[in-house]
Amino acid sequence: MLKDRTAIVGIGRTRFAKNLDEPEKTLACRAVLAALDDAGIDPAEVDALASYTMEETDEVELAKSIGAGDITFFSRTGFGGGGSCATVAHLAMAVATGQASVGVAWRSRKRGSGVRPWTNTSVQLPTPAQWTRPFGLLRPVDEIAVLARRYMHEYGATRDHLFNVALACRNRANQNPEAVMYERPLTREMYMDARWISEPLCLYDNCLETDGALACVVVGAERARDCRRKPVYVHAAAQGLPAQHHGMVNYWNDDPLTGPAWTAARQLWKTADLGPQDVDTAQIYDAFTPLIPLSLEGYGFCGRGEGAAFTEGGALELGGRLPINTAGGGLSEGYVHGFNLIDEGVRQLRGSSTSQVPDAATCLVTAGEGVPTSALLLRN
Amino acid sequence: MSVTEAVNAAGGLADGLLLPWPDADGEPFWEYTLRGELRVQACADCGLRRFPPRPSCPRCHSFADEWQPTSGRGRIWSFVVAHPPLLPAYAEQAPYPVAVVELDDDPAVRLVGTLTPSVRRPDAPWNAVPVARLRIGAPVQAVYQTLAPGVAVPRWALTGP
């Protein structure tokens, strides 16, 4: 069992912006070195690496630039933002099983100034894209908007529920000087009047497009106690690829609205001493606002179909039933494939968030819902 | 010429719109749509229909398959209306609706498609259906639009009021 046998002891990041001058590789190295410095661990001690398959800076390039030692474990997880928490999960497993002792996970991405992946028409359209793209479902937002409308239809969810999500994230970003949207408040009027992107989703239902890089350091619990910062333990970790799941275009099974969160959650809670009722704050992957109600249901914070209603009455705000995305999330802090949610989970459990949940002791961090996903249950 | 060869010959695009790029499993679907038929892959041993097409049956694990005809009738399961930013050829037609349709023959088989106001207008512009006419549950019928020589895709014609 992974339970508390490893801990995140260092976090590092670059600035977030729409456009950073330095290349992704440089940003990756800066974030990793910052995380190691935060932990007080010499880069020569790094012997494990984990990232996303979409990460452009590979292990060879990163290791030789930061001056890592011999690497004995390296892994990549696929499916875009679904892999964020899996990077830490893989490092925790590697350290807990003796395959390595100091692991670094990272993500560096120039999604703000770089190209939008869906604009690349030269790539072939293998399954499942041949069944969707030629018909005008071009972008991830279109694929999720299909599920969002069906969800609204089945459960009476409204745009106000999606606004609750966007607003909670924006309010936290307005408290976080590092957030891209720090000085940009959001009102209901702005949301309701915003231009459509893919109806029923408007501009503010979409995450930001951000340049930036983040990293974190994972070591064994014993080593963690000697590090510079208070350890944040990996209490449980899980991945989830449900039976007969189809990724973002999950239209071809009996129940398209039961996504990978449900599978990851079952594994997560099975291996944890805690349940959803014990979570003090959650950092929930928010490339699009509808992912929040879907994830709230999947991870067991409410019943099926109750995720939208859960957002009412300020439940997601600081002081609410479940404060989420307390640095602003992908919607308002910056979108770096969900890695900043891990970073914020660590800050909450160190007590250093700019929107600190009082005495936060347990934090759920999730990766992308709607794709094969992963999750972490962190505690201090 | 196979559909894959036809798509290759067109460079994967028709007037800037993406053509379906079949894989080995999906190729028969596009061969049938070229003939004006909507067929779904099914297991030749246990009969389980499966979509999208794939090499083996997830229930009995047989690699033998057959392509079963469908009525081409269905109902809108969900839909979006896409607005820019989009690729240029798509932006020209935006805002345009796209539906996911569940087939009357097998509701777990859902097909994506653009919409047209009538079965008599398979070539109508993508934005020809007023969004106000769209609702979940609305009945539709498959029609076929030839996008490039040797490549035809299904679209959904509204058949109700």
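In this predicted model, seven bridges tie strand S1 (residues 6-13) of chain A to strand S7(A), and the two run antiparallel. One of the residues involved is Gly12(A), whose bridge partner in S7(A) is Ala215(A). Strand S7(A) itself covers residues 211-220, and nine of its ten residues are buried, so to speak of it as mostly covered is fair by definition. S7(A) also pairs with strand S4 (residues 102-110) of chain A: here nine bridges join the two strands, again in an antiparallel run. Val104(A), for its part, sits opposite Val217(A) in S7(A).

Val217(A) turns up again in the largest nonpolar core. This core has 171 residues, and those touching the most other members are Ile8(A), Val32(A), Val88(A), Cys216(A), Val217(A) and Leu376(A). Helix H3 (residues 84-96) of chain A is the element that gives the most to this core, with nine residues. As a rule, nonpolar side chains in soluble globular proteins tend to be buried together. Leaving aside residues up to four places away in sequence, Leu376(A) touches Cys85(A), Val88(A), Ala89(A), Val234(A), Ala237(A), Ile342(A) and Val365(A).

One of those contacts of Leu376(A), Ile342(A), is also one of the buried residues of helix H12(A). This helix takes in residues 339-350 of chain A, and at 1.5 Å a residue its twelve residues should span 16 Å; the end C-alpha atoms turn out to be 17 Å apart, which agrees. Eleven of the twelve residues are buried, so H12(A) is largely enclosed by the rest of the structure. The buried set is not just nonpolar side chains by name: among its members are Asp343(A), Glu344(A) and Arg347(A), along with Phe339(A), Leu341(A), Val346(A) and Leu349(A). Just past the helix, Gly351(A) takes a positive phi of about 80°.

Then there is the second chain. Chain B puts 35 residues in contact with 32 residues of chain A. On the chain B side, the elements giving two or more residues are strand S5 (73-82), strand S6 (96-103) and strand S7 (106-116) of chain B. Sorted by class, that side has 26 nonpolar, six polar and three charged residues. Strand pairing crosses between the chains too: two bridges join strand S5 (residues 196-199) of chain A to S5(B), and these strands run antiparallel. Within this pair, Glu199(A) stands opposite Val81(B).

Key:
Residues are numbered from 1 along each chain as its sequence is written. Chains are lettered from A and ligands numbered from 1 in the order in which they are written. This is a predicted model: local features need pLDDT of at least 70, side-chain atom pairs count only at pLDDT 80 or more; totals for chains, interfaces and linings use all residues. Helices (H or I, at least four residues) and strands (E, at least two) are DSSP runs, numbered from the N terminus. The expected span of a helix is 1.5 Å times one less than its number of residues. A residue is buried if 20 or more other C-beta atoms lie within 10 Å of its own, exposed if 12 or fewer, and partly exposed in between; C-beta atoms are placed from the backbone. Two strands pair if DSSP finds at least two bridges between them. A nonpolar core is a set of buried Ala, Val, Leu, Ile, Met, Phe, Trp, Tyr and Cys residues joined through C-beta atoms within 7 Å. Two residues are in contact if their C-beta atoms, placed from the backbone, lie within 7 Å.
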